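Thank you for making the time this morning. I would like to walk you through one structure, slowly enough that anyone new to the chain can follow along on the screen.

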Amino acid sequence: MELTSSTPGGSRRIARRGLEAPRGLDWTDAAFTLLLAAGAAFAFQRVGGLMDYYEKAILAGAVAALAWLAWLWRPLRALMVAAAVSGGLAVMLYQGDLARADQAFLLKYLLSSQSAILWMCTLFVLATACYWIGLVARSGTAAWLGTALTWGAVFAGLTGLLARWHESYLLSPDIGYIPVSNLYEVFILFSLITALFYLYYEQKYDTRSLGGFVLLVIASAVAFLLWYTFDRGAQQIQPLVPALQSWWMKLHVPANFIGYGTFSLAAMVAFAYLVKAHGRTGSWVRLAPLFVLGVALAVEPMVFRQTGMPAYWMGYAGVAAVVVGAILLGRRRLAERLPPLEVLDDIMYKAIAVGFAFFTVATVLGALWAADAWGAYWQWDPKETWALIVWLNYAAWLHMRLIKGLRGNAAAYWALVGLLVTGFAFLGVNMFLSGLHSYGEL
(Lines give C-alpha, C1' and ligand atoms only; values in the text may rest on other atoms or scores of the structure.)
Protein backbone atom coordinates (compact mmCIF):
# COMPACT_ATOMS: atom_id res chain seq x y z
CA MET A 1 0.00 0.00 0.00
CA GLU A 2 1.35 3.42 -0.89
CA LEU A 3 0.38 6.96 -0.07
CA THR A 4 1.17 10.23 -1.79
CA SER A 5 2.24 13.50 -0.25
CA SER A 6 2.00 16.78 -2.15
CA THR A 7 5.17 18.81 -2.49
CA PRO A 8 6.01 21.99 -4.42
CA GLY A 9 7.53 19.82 -7.15
CA GLY A 10 4.55 17.56 -7.52
CA SER A 11 3.69 14.34 -5.73
CA ARG A 12 6.05 11.81 -4.26
CA ARG A 13 5.15 8.33 -3.16
CA ILE A 14 5.82 7.21 0.38
CA ALA A 15 5.73 3.47 0.96
CA ARG A 16 4.08 2.34 4.16
CA ARG A 17 6.65 -0.34 4.78
CA GLY A 18 5.58 -0.55 8.41
CA LEU A 19 2.85 -2.94 7.24
CA GLU A 20 5.15 -5.42 5.50
CA ALA A 21 5.13 -9.04 6.68
CA PRO A 22 8.24 -10.17 8.59
CA ARG A 23 10.90 -11.76 6.39
CA GLY A 24 11.74 -15.44 6.57
CA LEU A 25 14.59 -16.97 8.55
CA ASP A 26 17.96 -17.58 6.85
CA TRP A 27 21.41 -18.85 7.86
CA THR A 28 22.50 -15.42 9.10
CA ASP A 29 19.75 -15.52 11.74
CA ALA A 30 21.04 -18.88 13.00
CA ALA A 31 24.64 -17.63 12.97
CA PHE A 32 23.75 -14.50 14.94
CA THR A 33 21.77 -16.54 17.47
CA LEU A 34 24.78 -18.83 17.94
CA LEU A 35 26.96 -15.74 18.45
CA LEU A 36 24.59 -14.48 21.13
CA ALA A 37 24.55 -17.89 22.80
CA ALA A 38 28.35 -17.97 22.78
CA GLY A 39 28.43 -14.55 24.42
CA ALA A 40 25.96 -15.70 27.09
CA ALA A 41 28.02 -18.84 27.71
CA PHE A 42 31.15 -16.72 28.14
CA ALA A 43 29.33 -14.43 30.59
CA PHE A 44 28.04 -17.44 32.51
CA GLN A 45 31.53 -18.93 32.67
CA ARG A 46 33.00 -15.67 33.98
CA VAL A 47 30.36 -14.53 36.46
CA GLY A 48 27.93 -17.43 36.75
CA GLY A 49 28.96 -17.98 40.34
CA LEU A 50 27.64 -14.52 41.24
CA MET A 51 24.23 -15.13 39.62
CA ASP A 52 21.18 -16.67 41.22
CA TYR A 53 18.63 -18.89 39.45
CA TYR A 54 16.47 -15.97 38.30
CA GLU A 55 19.41 -14.01 36.87
CA LYS A 56 20.52 -17.08 34.91
CA ALA A 57 16.99 -17.38 33.52
CA ILE A 58 17.04 -13.69 32.55
CA LEU A 59 20.36 -14.20 30.74
CA ALA A 60 18.94 -17.13 28.76
CA GLY A 61 15.78 -15.18 28.01
CA ALA A 62 17.85 -12.21 26.83
CA VAL A 63 19.50 -14.39 24.17
CA ALA A 64 16.11 -15.41 22.78
CA ALA A 65 14.74 -11.86 22.93
CA LEU A 66 17.77 -10.28 21.25
CA ALA A 67 17.80 -12.95 18.53
CA TRP A 68 14.10 -12.28 17.85
CA LEU A 69 14.64 -8.51 17.71
CA ALA A 70 17.61 -8.92 15.37
CA TRP A 71 15.40 -11.06 13.11
CA LEU A 72 12.70 -8.39 13.07
CA TRP A 73 15.14 -5.57 12.35
CA ARG A 74 18.57 -6.41 10.95
CA PRO A 75 20.35 -3.12 11.78
CA LEU A 76 20.24 -4.19 15.43
CA ARG A 77 22.79 -6.88 14.62
CA ALA A 78 25.52 -4.41 13.72
CA LEU A 79 24.66 -2.29 16.77
CA MET A 80 24.87 -5.26 19.15
CA VAL A 81 28.15 -6.48 17.70
CA ALA A 82 29.70 -3.00 17.73
CA ALA A 83 28.58 -2.38 21.32
CA ALA A 84 29.89 -5.78 22.42
CA VAL A 85 33.28 -5.00 20.85
CA SER A 86 33.51 -1.53 22.40
CA GLY A 87 32.29 -2.78 25.77
CA GLY A 88 34.72 -5.69 25.69
CA LEU A 89 37.56 -3.32 24.77
CA ALA A 90 36.67 -1.10 27.73
CA VAL A 91 36.75 -4.12 30.06
CA MET A 92 40.19 -5.10 28.74
CA LEU A 93 41.55 -1.57 29.10
CA TYR A 94 40.43 -1.31 32.72
CA GLN A 95 42.54 -4.35 33.65
CA GLY A 96 40.58 -4.60 36.89
CA ASP A 97 41.54 -1.09 38.02
CA LEU A 98 38.94 1.69 38.01
CA ALA A 99 41.67 4.34 38.29
CA ARG A 100 42.65 3.59 34.67
CA ALA A 101 39.57 5.57 33.57
CA ASP A 102 41.77 8.68 33.94
CA GLN A 103 44.98 7.05 32.71
CA ALA A 104 44.29 5.04 29.56
CA PHE A 105 43.73 7.33 26.55
CA LEU A 106 40.81 5.41 25.03
CA LEU A 107 39.04 5.15 28.37
CA LYS A 108 39.57 8.77 29.28
CA TYR A 109 38.31 10.20 26.00
CA LEU A 110 36.05 7.54 24.50
CA LEU A 111 35.13 4.35 26.35
CA SER A 112 34.71 5.07 30.05
CA SER A 113 31.07 5.41 30.98
CA GLN A 114 31.20 9.16 31.52
CA SER A 115 33.13 9.84 28.29
CA ALA A 116 30.85 7.65 26.18
CA ILE A 117 27.70 9.19 27.67
CA LEU A 118 28.97 12.72 27.03
CA TRP A 119 29.65 11.67 23.43
CA MET A 120 26.08 10.36 23.29
CA CYS A 121 24.76 13.73 24.44
CA THR A 122 26.88 15.61 21.89
CA LEU A 123 25.86 13.38 19.00
CA PHE A 124 22.15 13.60 19.84
CA VAL A 125 22.31 17.42 19.84
CA LEU A 126 24.17 17.42 16.50
CA ALA A 127 21.68 14.93 15.06
CA THR A 128 18.76 17.14 16.09
CA ALA A 129 20.34 20.11 14.31
CA CYS A 130 21.05 18.06 11.17
CA TYR A 131 17.50 16.73 10.99
CA TRP A 132 16.09 20.23 11.20
CA ILE A 133 18.52 21.55 8.58
CA GLY A 134 17.52 18.68 6.35
CA LEU A 135 13.81 19.40 6.82
CA VAL A 136 13.95 23.18 6.44
CA ALA A 137 16.56 23.34 3.68
CA ARG A 138 15.39 20.18 1.89
CA SER A 139 18.89 18.78 2.25
CA GLY A 140 19.03 15.02 1.88
CA THR A 141 22.67 15.05 2.96
CA ALA A 142 21.89 16.82 6.23
CA ALA A 143 18.98 14.48 6.94
CA TRP A 144 21.16 11.44 6.23
CA LEU A 145 23.80 12.86 8.54
CA GLY A 146 21.12 13.20 11.21
CA THR A 147 20.38 9.49 10.90
CA ALA A 148 24.08 8.58 11.05
CA LEU A 149 24.65 10.76 14.11
CA THR A 150 21.61 9.25 15.84
CA TRP A 151 23.00 5.77 15.29
CA GLY A 152 26.35 7.00 16.60
CA ALA A 153 24.67 8.44 19.68
CA VAL A 154 22.87 5.15 20.38
CA PHE A 155 26.15 3.25 20.01
CA ALA A 156 27.95 5.67 22.37
CA GLY A 157 25.16 5.51 24.95
CA LEU A 158 25.01 1.72 24.88
CA THR A 159 28.79 1.56 25.22
CA GLY A 160 28.55 3.93 28.20
CA LEU A 161 25.96 1.75 29.95
CA LEU A 162 28.02 -1.40 29.40
CA ALA A 163 31.15 0.32 30.72
CA ARG A 164 29.21 1.65 33.72
CA TRP A 165 27.99 -1.87 34.47
CA HIS A 166 31.59 -3.09 34.61
CA GLU A 167 32.73 -0.04 36.60
CA SER A 168 30.16 -0.77 39.30
CA TYR A 169 31.71 -4.20 39.82
CA LEU A 170 35.21 -2.72 39.86
CA LEU A 171 34.15 -0.64 42.85
CA SER A 172 33.09 -3.84 44.62
CA PRO A 173 31.32 -7.07 43.62
CA ASP A 174 28.78 -6.24 46.34
CA ILE A 175 28.06 -2.84 44.74
CA GLY A 176 27.86 -4.01 41.13
CA TYR A 177 24.48 -3.79 39.38
CA ILE A 178 22.91 -3.39 35.95
CA PRO A 179 22.77 0.38 35.27
CA VAL A 180 19.01 0.97 35.18
CA SER A 181 18.51 1.90 38.82
CA ASN A 182 18.61 5.69 39.21
CA LEU A 183 17.41 8.81 37.43
CA TYR A 184 20.74 9.37 35.66
CA GLU A 185 20.83 5.87 34.21
CA VAL A 186 17.18 5.65 33.22
CA PHE A 187 17.37 8.97 31.36
CA ILE A 188 20.15 7.42 29.27
CA LEU A 189 18.00 4.33 28.77
CA PHE A 190 15.02 6.52 27.82
CA SER A 191 17.09 8.37 25.20
CA LEU A 192 18.38 5.14 23.65
CA ILE A 193 14.97 3.44 23.52
CA THR A 194 13.24 6.49 22.03
CA ALA A 195 15.98 6.89 19.41
CA LEU A 196 15.92 3.21 18.43
CA PHE A 197 12.16 3.15 18.00
CA TYR A 198 12.38 6.31 15.91
CA LEU A 199 15.12 4.83 13.71
CA TYR A 200 12.95 1.75 13.21
CA TYR A 201 9.96 3.80 12.04
CA GLU A 202 12.24 6.02 9.95
CA GLN A 203 13.40 3.00 7.98
CA LYS A 204 10.02 1.30 7.78
CA TYR A 205 8.21 4.41 6.52
CA ASP A 206 11.14 5.63 4.42
CA THR A 207 11.10 9.20 5.73
CA ARG A 208 13.56 11.29 7.73
CA SER A 209 11.30 14.31 8.04
CA LEU A 210 10.17 13.36 11.57
CA GLY A 211 13.67 13.17 13.00
CA GLY A 212 13.79 16.79 14.09
CA PHE A 213 10.50 16.48 15.95
CA VAL A 214 11.27 13.21 17.76
CA LEU A 215 14.81 14.21 18.70
CA LEU A 216 13.49 17.33 20.43
CA VAL A 217 12.29 15.17 23.31
CA ILE A 218 15.65 13.38 23.38
CA ALA A 219 17.43 16.75 23.38
CA SER A 220 15.37 17.66 26.44
CA ALA A 221 16.55 14.47 28.16
CA VAL A 222 20.13 15.42 27.20
CA ALA A 223 19.65 18.86 28.75
CA PHE A 224 18.60 17.19 31.98
CA LEU A 225 21.50 14.72 31.89
CA LEU A 226 24.06 17.50 31.44
CA TRP A 227 22.59 19.51 34.32
CA TYR A 228 22.27 16.42 36.51
CA THR A 229 25.89 15.50 35.79
CA PHE A 230 27.59 18.84 36.32
CA ASP A 231 25.29 20.30 38.98
CA ARG A 232 24.56 17.17 41.03
CA GLY A 233 27.46 14.85 40.20
CA ALA A 234 24.93 12.14 39.30
CA GLN A 235 27.48 10.17 37.28
CA GLN A 236 29.01 8.84 40.49
CA ILE A 237 28.15 5.18 41.08
CA GLN A 238 26.45 4.59 44.43
CA PRO A 239 25.39 1.34 46.17
CA LEU A 240 21.77 0.40 45.58
CA VAL A 241 19.21 0.94 48.29
CA PRO A 242 17.77 -2.38 49.57
CA ALA A 243 14.50 -2.01 47.65
CA LEU A 244 16.41 -1.99 44.34
CA GLN A 245 18.60 -5.01 45.11
CA SER A 246 16.30 -7.35 43.24
CA TRP A 247 16.31 -9.24 39.96
CA TRP A 248 12.82 -7.82 39.31
CA MET A 249 14.49 -4.50 38.48
CA LYS A 250 16.16 -6.05 35.43
CA LEU A 251 12.73 -6.75 33.95
CA HIS A 252 10.49 -4.00 35.31
CA VAL A 253 12.61 -0.96 34.44
CA PRO A 254 13.39 -1.77 30.76
CA ALA A 255 9.74 -2.67 30.09
CA ASN A 256 8.63 0.55 31.77
CA PHE A 257 10.95 2.69 29.68
CA ILE A 258 9.94 1.08 26.43
CA GLY A 259 6.52 2.43 27.37
CA TYR A 260 7.85 5.89 28.25
CA GLY A 261 9.97 6.05 25.11
CA THR A 262 7.22 5.06 22.70
CA PHE A 263 4.68 7.33 24.40
CA SER A 264 7.14 10.20 23.95
CA LEU A 265 7.72 9.29 20.31
CA ALA A 266 3.96 9.18 19.72
CA ALA A 267 3.55 12.62 21.30
CA MET A 268 6.22 14.18 19.07
CA VAL A 269 4.67 12.56 15.99
CA ALA A 270 1.33 13.96 17.20
CA PHE A 271 2.95 17.41 17.36
CA ALA A 272 4.13 16.98 13.76
CA TYR A 273 0.61 15.82 12.82
CA LEU A 274 -0.92 19.00 14.24
CA VAL A 275 1.70 21.18 12.55
CA LYS A 276 0.77 19.61 9.22
CA ALA A 277 -2.97 19.75 9.94
CA HIS A 278 -2.67 23.48 10.74
CA GLY A 279 -0.33 24.16 7.84
CA ARG A 280 -2.75 26.60 6.23
CA THR A 281 -4.33 27.88 9.42
CA GLY A 282 -4.01 31.67 9.64
CA SER A 283 -5.65 32.15 13.04
CA TRP A 284 -3.33 32.14 16.03
CA VAL A 285 -6.35 31.55 18.24
CA ARG A 286 -6.68 28.07 16.74
CA LEU A 287 -2.94 27.54 17.15
CA ALA A 288 -2.88 28.71 20.79
CA PRO A 289 -3.66 25.26 22.32
CA LEU A 290 -0.83 23.69 20.33
CA PHE A 291 1.61 26.43 21.38
CA VAL A 292 0.59 26.14 25.04
CA LEU A 293 0.94 22.34 25.02
CA GLY A 294 4.27 22.51 23.22
CA VAL A 295 5.69 25.01 25.70
CA ALA A 296 4.25 23.09 28.67
CA LEU A 297 5.98 19.91 27.53
CA ALA A 298 9.21 21.80 26.92
CA VAL A 299 9.37 23.50 30.32
CA GLU A 300 8.40 20.47 32.43
CA PRO A 301 12.06 20.00 33.48
CA MET A 302 11.82 23.23 35.48
CA VAL A 303 10.28 21.14 38.27
CA PHE A 304 13.82 19.92 38.92
CA ARG A 305 14.74 23.18 40.62
CA GLN A 306 15.30 23.14 44.36
CA THR A 307 14.68 26.80 45.12
CA GLY A 308 13.97 29.74 42.87
CA MET A 309 14.69 29.43 39.16
CA PRO A 310 18.30 28.56 38.23
CA ALA A 311 19.69 30.40 35.22
CA TYR A 312 20.21 27.09 33.41
CA TRP A 313 16.52 26.21 33.43
CA MET A 314 15.46 29.77 32.69
CA GLY A 315 17.64 29.66 29.59
CA TYR A 316 16.32 26.25 28.67
CA ALA A 317 12.70 27.39 29.01
CA GLY A 318 13.38 30.44 26.86
CA VAL A 319 15.05 28.43 24.10
CA ALA A 320 12.27 25.83 24.20
CA ALA A 321 9.55 28.47 23.85
CA VAL A 322 11.41 30.04 20.90
CA VAL A 323 11.76 26.65 19.20
CA VAL A 324 8.05 25.85 19.58
CA GLY A 325 7.12 29.32 18.31
CA ALA A 326 9.49 29.02 15.35
CA ILE A 327 8.01 25.66 14.37
CA LEU A 328 4.50 27.12 14.39
CA LEU A 329 5.64 30.21 12.46
CA GLY A 330 7.10 27.99 9.77
CA ARG A 331 4.20 25.55 9.81
CA ARG A 332 3.21 26.08 6.17
CA ARG A 333 6.63 25.21 4.81
CA LEU A 334 7.07 22.33 7.26
CA ALA A 335 3.61 20.94 6.46
CA GLU A 336 4.57 20.55 2.81
CA ARG A 337 7.57 18.43 3.75
CA LEU A 338 6.06 16.17 6.37
CA PRO A 339 4.60 12.73 5.48
CA PRO A 340 0.85 12.44 4.79
CA LEU A 341 -1.47 12.70 7.77
CA GLU A 342 -2.40 9.03 7.31
CA VAL A 343 1.24 7.99 7.81
CA LEU A 344 1.66 10.23 10.87
CA ASP A 345 -1.56 8.85 12.35
CA ASP A 346 -0.39 5.29 11.73
CA ILE A 347 3.00 5.82 13.39
CA MET A 348 1.34 7.52 16.36
CA TYR A 349 -1.08 4.60 16.78
CA LYS A 350 1.61 1.91 16.46
CA ALA A 351 3.89 3.67 18.95
CA ILE A 352 1.12 3.99 21.55
CA ALA A 353 0.04 0.36 21.01
CA VAL A 354 3.60 -0.92 21.56
CA GLY A 355 4.10 1.38 24.55
CA PHE A 356 0.82 0.32 26.12
CA ALA A 357 1.69 -3.37 25.81
CA PHE A 358 5.07 -2.92 27.48
CA PHE A 359 3.72 -0.53 30.11
CA THR A 360 1.10 -3.12 30.99
CA VAL A 361 3.80 -5.76 31.40
CA ALA A 362 5.88 -3.34 33.47
CA THR A 363 2.92 -2.58 35.75
CA VAL A 364 2.30 -6.28 36.38
CA LEU A 365 6.01 -6.85 37.04
CA GLY A 366 6.01 -3.86 39.38
CA ALA A 367 3.15 -5.36 41.36
CA LEU A 368 5.01 -8.67 41.65
CA TRP A 369 8.16 -6.83 42.72
CA ALA A 370 6.15 -4.88 45.33
CA ALA A 371 4.76 -8.11 46.74
CA ASP A 372 8.28 -9.50 47.00
CA ALA A 373 9.75 -6.34 48.55
CA TRP A 374 6.89 -4.96 50.67
CA GLY A 375 4.49 -7.87 51.07
CA ALA A 376 1.58 -6.44 49.05
CA TYR A 377 0.87 -6.24 45.32
CA TRP A 378 -0.75 -2.79 45.50
CA GLN A 379 -0.74 -0.15 48.23
CA TRP A 380 -1.99 2.96 46.42
CA ASP A 381 1.43 4.51 46.73
CA PRO A 382 1.54 7.80 44.70
CA LYS A 383 3.83 6.21 42.09
CA GLU A 384 1.51 3.23 41.73
CA THR A 385 -1.55 5.47 41.53
CA TRP A 386 -0.08 7.66 38.80
CA ALA A 387 1.15 4.61 36.89
CA LEU A 388 -2.48 3.44 36.91
CA ILE A 389 -3.59 6.87 35.64
CA VAL A 390 -1.09 6.64 32.77
CA TRP A 391 -2.29 3.12 31.96
CA LEU A 392 -5.95 4.16 32.00
CA ASN A 393 -5.20 7.19 29.81
CA TYR A 394 -3.64 5.13 27.03
CA ALA A 395 -6.14 2.31 27.47
CA ALA A 396 -8.90 4.87 26.85
CA TRP A 397 -7.00 6.28 23.83
CA LEU A 398 -6.69 2.82 22.28
CA HIS A 399 -10.31 1.97 23.11
CA MET A 400 -11.55 5.13 21.41
CA ARG A 401 -9.28 4.44 18.45
CA LEU A 402 -10.31 0.82 17.92
CA ILE A 403 -13.99 1.01 18.93
CA LYS A 404 -15.00 4.58 18.10
CA GLY A 405 -12.54 5.28 15.29
CA LEU A 406 -10.67 8.10 17.04
CA ARG A 407 -8.53 9.90 14.46
CA GLY A 408 -7.29 13.33 13.51
CA ASN A 409 -6.60 16.35 15.67
CA ALA A 410 -8.42 14.98 18.73
CA ALA A 411 -6.21 11.87 18.82
CA ALA A 412 -3.07 13.98 18.34
CA TYR A 413 -3.96 16.45 21.11
CA TRP A 414 -4.78 13.54 23.41
CA ALA A 415 -1.35 11.99 22.71
CA LEU A 416 0.32 15.29 23.63
CA VAL A 417 -1.65 15.58 26.87
CA GLY A 418 -0.79 11.95 27.56
CA LEU A 419 2.91 12.83 27.56
CA LEU A 420 2.28 15.54 30.15
CA VAL A 421 0.56 12.96 32.36
CA THR A 422 3.35 10.45 31.77
CA GLY A 423 6.00 13.06 32.57
CA PHE A 424 4.38 13.81 35.91
CA ALA A 425 4.08 10.10 36.71
CA PHE A 426 7.75 9.59 35.92
CA LEU A 427 9.22 12.69 37.56
CA GLY A 428 6.63 14.87 39.22
CA VAL A 429 5.50 12.20 41.67
CA ASN A 430 9.07 11.75 42.88
CA MET A 431 9.51 15.50 43.23
CA PHE A 432 6.29 16.45 45.00
CA LEU A 433 4.75 13.33 46.56
CA SER A 434 6.33 11.10 49.18
CA GLY A 435 5.83 7.37 49.27
CA LEU A 436 7.46 3.99 48.95
CA HIS A 437 9.28 5.17 45.81
CA SER A 438 10.96 8.09 47.59
CA TYR A 439 14.37 6.63 46.73
CA GLY A 440 13.81 8.15 43.27
CA GLU A 441 13.98 11.71 44.55
CA LEU A 442 16.59 14.14 43.30
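I will begin with pairs of aromatic rings and then turn to a patch on the surface.

Please keep in mind that what you see is a predicted model. Counting ring pairs whose centres lie within 6.5 Å, we arrive at 28 aromatic pairs. One of them joins phenylalanine 187 and phenylalanine 426, whose ring centres are 5.5 Å apart and whose planes meet at 35°, which makes the pair tilted. This pair links distant parts of the chain, since phenylalanine 187 sits in helix H7, residues 183-205, while phenylalanine 426 belongs to helix H15, residues 408-432, and 239 residues separate the two. Phenylalanine 187 and phenylalanine 426 are both buried.

A second tilted pair is formed by phenylalanine 224 and tryptophan 227, with 5.8 Å from centre to centre and 50° between the planes. Here the two partners are three residues apart in helix H8, residues 211-232, so about one helical turn lies between them. Phenylalanine 224 and tryptophan 227 are likewise buried.

Now to the surface, where Leu89, Met92, Phe105, Leu106, Tyr109, Leu110 and Trp119 make up a nonpolar patch of about 710 Å². Two elements, helix H3 (75-94) and helix H4 (105-111), each give two or more residues to this patch, and H4 gives the most, with four.

Is phenylalanine 105, then, buried or exposed? Phenylalanine 105 lies in helix H4, and because its relative accessible area is 58%, above the 50% cut-off, it counts as exposed.

Methods
Residues numbered from 1 in each chain as written. Predicted model: local features only at pLDDT ≥ 70, side-chain atom pairs only at ≥ 80, totals over all residues. Heavy atoms only, no water. Phe/Tyr/Trp six-rings, centres within 6.5 Å; stacked < 30°, edge-to-face > 60°. Buried < 20%, exposed > 50% of the residue type's maximum accessible area, 1.4 Å probe, protein only. Patch = residues over 30% accessible without salt bridge, like charges linked within 9 Å, V, L, I, M, F, W, Y side chains within 5 Å. Areas by Shrake-Rupley, 256 points an atom, 1.4 Å probe, with all protein chains shown as cover. Salt bridge = Lys/Arg side-chain N within 4 Å of Asp/Glu carboxyl O.
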